[in-house]
Amino acid sequence: MARIRCCTASSCRAAGGQALLQALEQARRDQGLAPGALPIKAVGCLRLCARGPLVALDAAAHGGSQRLYGAVPPDRAPELVQLALEGHAAGDGSSLAAHGIDAEHPFFALQQPVVLEALGLVDPESLDDALAQGTYSQLQRCRADGQPAQLRACIRRSGLRGRGGAGYPTGLKWDTVALQPPGPRLVVCNADEGDPGAFMDRAVLEGDPHRLLEGLAIAAFAVGAQLGYIYLRAEYPLAIARLRLALQQLRQRGLLDGLDLQLRVGAGAYVCGEETALLASIAGGRGTPRQRPPYPAQQGLFGCPTLINNVETLAAVPAILRRGADWYAALGTGNSRGTKVFSLSGALPHTGLVEVPMGTSLRTVVETMGGASGVKAVQTGGPAGGCIPAALLDVPIAYETLADLGSMLGSGGMVVLPEGLPMPQLARYFMRFCASESCGKCVPCRAGTVQLEQLLGRFCEGQGTADDLQQLEQLCHMVQATSLCGLGQGAPNPVLGALRHFRHEFEQHRLEADGAGSAP
Amino acid sequence: MSPSSRPRLRLATVWLAGCSGCHMSLLDLDDWLFELARFADVVYSPIASDCKTFPDNVDVVLVEGAVANADNLALAKRLRRCSRVVVALGDCAISGNVTALRNLCLPPLQRVVPLQAVIRVDLFVPGCPPSAARIRAVLEPLLHGRWPQLAGPDLLRFG
Amino acid sequence: MTVLTLAIDGESLAVPDGTTLLQACRQRGVPLPTLCHLDGLQPVGACRLCLLELEGAARLVPACLTPVAEGMVVRSDTAQLRAFRRLTVELLFAEGNHVCAVCVANGACELQDAAVAVGLDHGRLAQQWPARAVDASHPRFGLDHNRCILCTRCVRACDQLEGAHVWDVANRGSHCQIIAGLDQPWGSVEACTSCGHCVDACPTGALFDKQETCTERQARPQRAAALRQARDHGRWHNQGVVP
């Protein structure tokens, strides 16, 4: 049966998605149709955020192609309803043709949805729809099998690594928690996605929350935890609402089977994405990191062994169990198996969400899929990452390959930088972010990021001297080597990456007749 | 080493925006000043010379005080051009110190700055003021063509 | 009690299990500057001055928080460590408004000590000149934020020794500041018992006794350790040293 799917995630909402949804429902009423005759489904992210608000028309016939339309004004909703009923694409003469999106474009065709396999198809506010899509079937199977050790071995074999950025082998972490001395364990989902330019986790939280909850519940079972927290940043109100609803639905249906899952909302601190700061925040303290070891897997929340995983990591688990570890491990490259979700933004036409196998080249993602041209560099890994210059875009995306080029895979934010963007300015932007988000506990990060931001400012103004450059590098290495946590350790990375690939932009010396030193 | 076997050191002292305490500490060298006079000529100094213009070819200049106005800045630049070794004498020259307390009430472009912000400085002698012994520990090696090494609380402590 | 052996700067030594690298360094007489550490308080590893190179470790380790493990090989005096320590102290001097000449702690200041220890004769970083206040509302003591290095020794002393938890940290990053109570004037915080442990714990002249003026500070950093020893072992310092 013909169906319309409307994206109701944050980006399309901001572009007027709710008004379009309401207009479509009105148009359907105006045509005298019952909702059952032409279902209009509110779904999650339809991927090509740049063209939002997005609407997908599903043909009545099985196997009919999906037709995608972007930014259709609400007053043209009746035409969309008509197209949906007639089951064909808008003709060239139709005003809606201009809004048509080629669903065969590489942006869509080259994606390999695993974490995102139900995103845009499932109704995020319906537990029944999630169940119909197969969500929670793996959790039930795990509980029925009752073999947590085997379950952990499966995840180990899949090669899944932490998708929050650190890339720690997930199965190994699960084992570490499970094998701690007897006592209570906890699971925590890190949903504090804070990197500027990253919205992968947001899409899953808003668009397929039950998938995440299934992954979290499976993880809890795997390590023997009865209590779990989802730490979700306050800046994602839609995700908070959807997750609250999903948890309520689960409790009402009794699907959690003794597992107590609670939501904890952050309070606007990027540093609370760092695991020990996150745990401190859940426990009611200031969100400041602490020295590791001991790692949370040994001694975490309330002193108990705590498994803490990123949203994307957990959301990959059900599909891995369903399709098999070997299937997942066959995707990808080297030590980076499976798929990765990336959020594309910056100087490219196809801003949005993609999921591709590891090993796909950066050029394929930003140029072939993203449509970018005139690229200067691609920033990966957010404020702790670096830039990959245009000449090196053929690098296959993986943890090790990007690190070798002075960047990092990070959580998946990918910002395309246009020709003409001064690199000192980009470096200062990220340093300003780190200085603003520093928790302030350790000297190098608290005071060093401030100094680095000011030094970078001199380069932005073309006033950087040779002494300034030397000071910049020395301070970068010091902050990187001596900071207490990943925020400070990573803060110099955009600078060091820019110096590695674009040093000439920093080497505009201002000659000092008197050989004066650095700024007062 | 006899004073006649090497050229006499052309020594200068300057005070910028300071309290003259570092110069008073210099004078506390007391009779070692006679030893200094065996090897050095004071070619410019507010306390030991009537010379009006900072001369050329100065070997060592001790600079007290921070840079707080245009006159300070002009003199700092001149003395740098005319001197081989510039010594920032005392905490005001090194970090601004008391002279720079006004910075808490001033916008950035009007602030007092330390000497190294406007010229290259070769040696730093902390203290407020540095003791006479500390000043001697800097001058004595310079007189004999050696570079001073300041280490430990007696020779390094601020304040 | 197990005994462990380790090597510090090429020299082996034996220590009881549970010893930290900082204690081991002190035992061997290896000079390791510290600021946020105070015997008697729980260490936090915040100042990063005590970082050591540990063979086989990917990162530098804070001596105050790292327990000795059998066979550890550490270095305390490499060129890299010296450079990093110096920058740490430079960052502190540039961050606050440290004017030694007019400070109560001039001559009895651990920040000055740290500068001497790292051979600092001048700072190369831009002075920030932050706008910071002085809280003189308490009848006996004062807090001059200009001198504060955010070591949190006062926070820990009040919480761990006196149990009053008057002090904590507010804001984040370079806007961090020590606050009393719920960010109230110190004098109005009823939890304060005027015990003075925080003043004794402060390494600089930030927390001061109002009866002491410029250069008159009587530093008593050993108070915290004496109290900790008294509580843990039931002995005061005039009753002999705990074996």
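This passage describes domain packing, a chain interface, a buried lysine, cysteines and unusual backbone geometry in a predicted model.

The domain assignment of chain A comprises four segments, namely domain 1 (3-103), domain 2 (127-328), domain 3 (339-418) and domain 4 (423-517). The centres of domain 1 of chain A and domain 3 of chain A, taken over C-alpha atoms, are separated by 30 Å, and five residues of domain 1 of chain A are in contact with five residues of domain 3 of chain A. Between domain 1 of chain A and domain 3 of chain A an area of about 380 Å² is buried, of which 67% comes from carbon and sulfur atoms. On the side of domain 1 of chain A, the residues that lose the most area to domain 3 of chain A are R47(A), L48(A) and A50(A), which together account for 73% of what that side buries. Zero salt bridges are found across the interface of domain 1 of chain A and domain 3 of chain A.

The contact between chain A and chain C buries about 2,600 Å², with carbon and sulfur atoms giving 54% of this area. In chain A the most area is lost to chain C by R286(A), R446(A) and Q451(A), which together make up 22% of what that side buries. Two salt bridges are counted between chain A and chain C. R446(A) also takes part in a salt bridge with E95(C), in which the side chains meet at 2.7 Å, N to O.

A charged residue of chain A, K173(A), is found in helix α8 (residues 170-178). K173(A) is buried yet has no salt bridge, the nearest side chain of opposite charge being that of E275(A), 4.1 Å away; because a salt bridge requires a side-chain nitrogen of Lys or Arg within 4 Å of a carboxyl oxygen of Asp or Glu, the pair K173(A) and E275(A), at 4.1 Å, is not counted. When neighbours within four places in sequence are left aside, K173(A) is in contact with Y168(A), E275(A), L307(A), I308(A) and N309(A).

A search of the whole structure finds zero disulfides over all chains. C460(A) is in no disulfide, and the nearest cysteine sulfur, that of C476(A), is 13 Å away; C460(A) counts as partly exposed, at 28% relative accessibility. In chain C, C202(C) is buried, with a relative accessible area of 6%, and its sulfur is 6.2 Å from the closest cysteine sulfur, in C151(C), which is too far for a bond.

The backbone also merits description, since most residues other than glycine have a negative phi and most peptide bonds are trans. In chain A, a cis peptide bond joins P293(A) and P294(A), with omega at about 5 degrees, and P294(A) is placed in the loop between α12 (275-282) and β9 (306-310). In chain B, the peptide bond from C128(B) to P129(B) is cis, with omega near -5 degrees, and P129(B) lies in the loop between β5 (123-125) and α5 (132-143). Positive phi values are found in Y136(A), near 80 degrees, and in S20(B), near 75 degrees. Y136(A) lies in the loop between α5 (127-132) and α6 (137-145) of chain A and is buried, with a relative accessible area of 2%. S20(B) is located in the loop between β1 (9-15) and α1 (21-27) of chain B, and S20(B) is buried, with a relative accessible area of 19%.

Definitions and conventions. Residues numbered from 1 in each chain as written. Chains lettered and ligands numbered in written order. Predicted model: local features only at pLDDT ≥ 70, side-chain atom pairs only at ≥ 80, totals over all residues. Heavy atoms only, no water. Helix = DSSP H or I, 4+ residues; strand = E, 2+ residues; numbered from the N terminus. Buried < 20%, exposed > 50% of the residue type's maximum accessible area, 1.4 Å probe, protein only. Lys, Arg positive; Asp, Glu negative; His and termini not counted. Contact = heavy atoms within 4.5 Å. Disulfide = S-S within 2.5 Å. Domains from an automatic or database assignment. Buried area = accessible area lost by both parts, 1.4 Å probe.
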